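Trainee: I am new to this one. Please take me through it step by step.

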Amino acid sequence: MTRVKIAIAALGLAVAASGIGFILKAGPASAQEIFAGSWDVFNVHAAPWLDANVDSKPYLNEEIARGRITFMADSVQGPGFLNCDKAHFEVMKVPPEYLFQGGLTDAARQAKDLGFAEGEIVQLSMSCISDDADISMDFDLIDQDTAVFALDNMIYRMKRVKAE
């Protein structure tokens, strides 16, 4: 083989290798991508299932009610136990019956009352194993900039923080 052919072959291999690297980098996005960024809690109210269950009592977590939650590629910055250095995320589409771990008593109607459109809902399931506690929490997208989660029989509503 001549030097020119070797150079062309080497260049071809380099282009192919960089293409493979690009394909690998362009693979599946981080699981939390649609939720990526910062969210501010702006509203908290008692969960709708409390009407049917007199034994359950709501508990307002003041720190979380005034908090900001930031979802990053593999971690979460947030108030209290929501802060997680090694988070695992899974995004899925779920029917209203899956909201709040199946806690709604009339899922379709209550989901609509909470602001969800009909059909499937985008849900981010976050889990975190830490020294303090193991956490599993679901965040549900009402629209591109509004999400909710439940904690201690309270519904926390968040707004996406716009980049400045």
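Trainee: How much accessible surface does the protein have, and what share of that belongs to carbon and sulfur atoms?

Mentor: Keep in mind that this is a predicted model. The accessible surface of the protein comes to about 10,200 Å². The share from carbon and sulfur atoms is 55%.

Trainee: What percentage of the residues count as buried?

Mentor: Buried means under 20% relative accessible area. The protein has 164 residues. Those that count as buried make up 36%.

Trainee: How many helices and strands are there, and in what order do the elements run?

Mentor: The protein has three helices and eight strands. Read the order from the N terminus on. The elements run α-β-α-β-β-β-α-β-β-β-β.

Trainee: What share of the contacts with a separation of 6 or more joins residues 24 or more positions apart?

Mentor: Take the contacts in the protein with a separation of 6 or more. Then pick out those between residues 24 or more positions apart. They account for 61%.

Trainee: Which residues form the disulfide?

Mentor: The structure holds one disulfide. Its sulfur atoms lie 1.9 Å apart, inside the 2.5 Å cut-off. The link is right-handed, with 95° about the S-S bond. The partners are Cys84 and Cys128.

Trainee: How many residues apart in sequence are the parts that this pair ties together?

Mentor: Cys84 lies in the loop between β3 (76-77) and β4 (87-94). Cys128 belongs to strand β5, residues 121-129. The pair therefore ties together parts whose separation in sequence is 44 residues.

Trainee: Are Cys84 and Cys128 buried or exposed?

Mentor: Buried requires under 20% relative accessible area. Cys84 meets that, and so does Cys128. Both residues are buried.

Methods. Residues are numbered from 1 along each chain as its sequence is written. This is a predicted model: local features need pLDDT of at least 70, side-chain atom pairs count only at pLDDT 80 or more; totals for chains, interfaces and linings use all residues. Side-chain values use heavy atoms; hydrogens and water are left out. Helices (H or I, at least four residues) and strands (E, at least two) are DSSP runs, numbered from the N terminus. Buried means under 20% relative accessible area, exposed over 50%, partly exposed in between (1.4 Å probe, protein chains only). Contact means heavy atoms within 4.5 Å. Accessible areas come from the Shrake-Rupley method with a 1.4 Å probe; for residues, only the protein chains shown count as cover.
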